[in-house]
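Hi,

Here is the structure I said I would pass on. Have a look at it first, and then read on for what turned up.

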Amino acid sequence: MALAFSLRHHPRIASPLRPSLPRPRPRRLPFCVACVRPLASPAPGQGEAARGGSALVWFKNDLRVDDHPGLVAAVAKHETVVPLYVFDHRILSDLSDEMRELLLFSVKELKELLKGQGSDLLLGFGSTEDVILELVNKVKPSHIYAEEEVEYNLRKLATTVESSLSAVPFSWGNPEFIFWRTPFYDFKNLKELSASYHEFTKLKLSISLPMPAPTIPVLSMELKTSALPSLVEVKNYLDGAPCQSDDSWISLKKASPMSILKRNRNQNIMKTDPAERGEYYDEKGKETSSTFNNVRSTKFSNSMFVSQEGSLVKGGTNTVLNALAAYLRYLEGTARDDWQELHDKLRKAERRKGASFSALFGSALYFGTISRRRVYYEAIKYEKERNGGFLSPFGYSAPTVAAAVDAVCSMEWYSVLALKSQICNEGVYPVWIWRWKGHFIQYTAVGNEGPAALLVHGFGAFLEHFRGNISNIADGGHRVWAISLLGFGKSEKPNVIYTELLWAELLRDFIVEVVREPVHLVGNSLGGYFVATVAGLWPSLVKSLVLINTAGSIVPTVSSIPSVDVKLIQERKISGLAWLQAQLLLLFLRSTAGKFIEKCYPTNVERVDGWLLGEILRASFDPGAAIVMESIVSFDLSIPLNYLLGSFGGEVLIIQGMKDPLTKSKAFLSMVREHCNKVTVSELDAGHCPHDEVPQKVNSTLREWITRVESSLHILERA
């Protein structure tokens, strides 16, 4: 395949099984385009005089020319602007095939748009630092424009590119990096901005307008360009990447928890009565049925979707804007085939009020083919059109407008929290950002050597709930990760239906993409049930399991396959009653949180300090907190713990605070001992959260446990 220019391939990242942990050191940005509005549009008659030299615009997840402050500033200041996108394995390897296909659609439309203005989008394959270094030698840019990132992998990549260029003494001078943002709000100092959404809304900050697309100067330099690769070519490139993970490891992400449960149930049914089975799975685990195979859906030639079965809107900005127009105007109806198809997808995705927007447009926002404030602007413009130029103080007239506005405003808040954590981390541990299905997830990692352990919190908590454990366990010769789950802490709280399988899938992907090796999984309360689910469904990811006052039940009569209808989990919907219960529960928790949590710390109430209560209350005001609560009140945790532990088949440690006010500890442990194998029990004089109430005791138990299990595993490996 022809490349945009000759490339050198140098593996520069660590082994996928043992990634290096140093966090990119935050630095002062030389210039923030988004914060200097007058520079984005030079005064009439002064633009040409001010322009000179060349600039490189490095596209990543900002695949648009509309509302692109970096591109606007580059065009205003430079005669020559060279757009670049790099297919780097460090960015592409964790994407699904559907997301890669969406990426190719987006890059294609951006490339065509730029070529229509006499410019082009140069495409490179390989390590970004090598591609940019070679291009800098050809173009000799004075500036490189790139979006400021919050995600750890992209921040690390940007730091690597900067370091690579700074190590080379260019005769014409080293290019200066300009990192830009596209903020909703005009706040002066991010460090001083409150992390409380409740306090933030009191500021009543105005939302900035999107920038129009600039006119790109003709690219007169003779630089080789290449055609857009196919999905097969991208996959072939990734297969040959220097740090490509083993296929069996990556394939774990392709097996959804629902498909595993269905397959196991169907295998059990086949042993009893094959006639009762309504569907089956082929040798690759793909669900099939005679009814399904006879259904043919209509596929429009002008479809706006990546696939016939999926719900991801494809293409670049123009396609997404057309889809957004169709989405907003759902109530009006339409005779257009492409809009009718989108309306059909909308109805299927609306599993709870407003959930359809993120399901359809979340991936387009992730790749930046449209900006959040462009979505906001288009939604408000349409709302004004419906209401004679006015906005009602009583809410929006169309539910689709409300869904779009609520979604992008929520995304913007969590983007601000993520950026704040990178620029001015105020916690004890470094906070990193991982994007899961486009959502911002906060985590930390401490320790540079030894076996890996992942700590998972319970309901209403966050990664800092392991404040007394992370460093102590790491000091014992372990590498420790802790995560704030989707919907908790300062991680994003999107409009989705939260289920135990959703959280289990998140933990699976975190282990595969971030930790990149099997872990000792530790979970408290509801987090205990989630880690047990991961171990039961994907046992190869887990070295051992530690459950601290876990949620879940033991069912004595359960067979090797759970006698539950897995469709109830898959098709779970939120009722109006659940919404009311969630609102009342939030109000109750906010007013009684202190007394309730103190009951969970019966032997060490002093640990329930102002910081802990403050963080719990802060998160309860976050956008989306009520949605999480709706799902929680609908939980039934229908997969028995003894089934999950039996499916895992490995070593399990249960740490039980015997004074837990939420559990009958003696009865629970009696059931565990009778119906579970390979389980070790440690009883502690503590309540529901022993790891935070008596951290010293839990830490010593965990360190001894991990050491013993590792020793046993080494003996088995040598045998």
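**Salt bridges**

The structure holds 34 salt bridges. Keep in mind that this is a predicted model. One of the bridges joins Arg90 to Asp88, with 2.8 Å between the closest N and O atoms, and both of these residues are buried.

Another one pairs the side chains of Arg467 and Asp692, at 2.9 Å from N to O. Arg467 sits in the loop between β10 (452-456) and α18 (470-475), while Asp692 belongs to helix α27 (residues 690-693), so this bridge ties together parts that are 225 residues apart in sequence. Asp692 has 0% relative accessibility, so it counts as buried.

Then there is Asp622 with Lys493, whose closest N and O atoms are 2.9 Å apart. That pair also links distant parts of the chain: Asp622 is in the loop between α23 (610-620) and α24, Lys493 is in the loop between β11 (479-483) and α19, and the two are 129 residues apart. Asp622 is buried at 3% relative accessibility, and Lys493 is buried at 2%.

Salt bridges with shared partners also build a network, made up of Asp66, Arg374, Glu378 and Lys381.

**Aromatic rings**

On to the rings: the structure has 24 aromatic pairs. Phe125 and Tyr237 make an edge-to-face pair, 5.7 Å from centre to centre and with 80° between the planes. Here too the partners come from distant parts of the chain, with Phe125 in strand β3 (residues 122-125) and Tyr237 in helix α9 (residues 231-239), 112 residues apart. Phe125 is buried, with a relative accessible area of 3%, and Tyr237 is buried with 14%.

Trp432 and Tyr443 have ring centres 5.5 Å apart and planes at 85°; planes over 60 degrees apart count as edge-to-face, so that is what this pair is. Trp432 is in strand β8 (residues 432-436) and Tyr443 in strand β9 (residues 439-446), so the pair ties together parts that are 11 residues apart in sequence. Both Trp432 and Tyr443 are buried.

If you like clusters, ring pairs link Phe184, Tyr185, Tyr197, Phe200, Tyr376 and Trp413 into one.

Two charges over rings are also on my list. The charged end of Arg435 sits over the ring of Phe440, 4.3 Å from its centre. The charged end of Lys345 does so over the ring of Phe305, at 5.1 Å from the centre.

**Backbone and loops**

Most residues other than glycine have a negative phi. Lys140 is not a glycine, yet its phi is positive, at about 55°. You'll find Lys140 in the loop between α6 (128-139) and β4 (143-147), and its relative accessible area of 44% makes it partly exposed.

Arg516 has a positive phi as well, about 65°, and is not a glycine either. Its place is the loop between α19 (500-515) and β12 (519-524). Is Arg516 buried or exposed? Buried, with a relative accessible area of 14%.

Ser525 is in the loop between β12 and α20 (526-537), and it counts as buried at 11% relative accessibility. Leaving out residues up to four places away in sequence, Ser525 touches Gly458, Ile548, Asn549, Thr550, Ala551 and His688.

**Inside and outside**

For the overall picture, the protein chain has 28 helices and 15 strands. Of its 719 residues, 57% are buried. Among contacts with a separation of 6 or more, 79% are between residues 24 or more positions apart.

Helix α24 (residues 625-633) is worth a click: eight of its nine residues are buried, so the rest of the structure largely encloses it. Those buried residues are Ala625, Ala626, Ile627, Val628, Met629, Glu630, Ser631 and Ile632.

As for the outside, the accessible surface of the protein chain comes to about 30,700 Å², and carbon and sulfur atoms account for 53% of that. Which residues form a nonpolar patch on the surface? Leu577, Trp579, Leu580, Leu584 and Leu587 do, with about 530 Å² of accessible area together. Leu584 is part of helix α22 (residues 576-599).

Cheers

Definitions and conventions: Residues numbered from 1 in each chain as written. Predicted model: local features only at pLDDT ≥ 70, side-chain atom pairs only at ≥ 80, totals over all residues. Heavy atoms only, no water. Patch = residues over 30% accessible without salt bridge, like charges linked within 9 Å, V, L, I, M, F, W, Y side chains within 5 Å. Areas by Shrake-Rupley, 256 points an atom, 1.4 Å probe, with all protein chains shown as cover. Salt bridge = Lys/Arg side-chain N within 4 Å of Asp/Glu carboxyl O. Helix = DSSP H or I, 4+ residues; strand = E, 2+ residues; numbered from the N terminus. Buried < 20%, exposed > 50% of the residue type's maximum accessible area, 1.4 Å probe, protein only. Contact = heavy atoms within 4.5 Å. Phe/Tyr/Trp six-rings, centres within 6.5 Å; stacked < 30°, edge-to-face > 60°. Lys NZ or Arg CZ within 6 Å of the ring centre and 35° of its normal.
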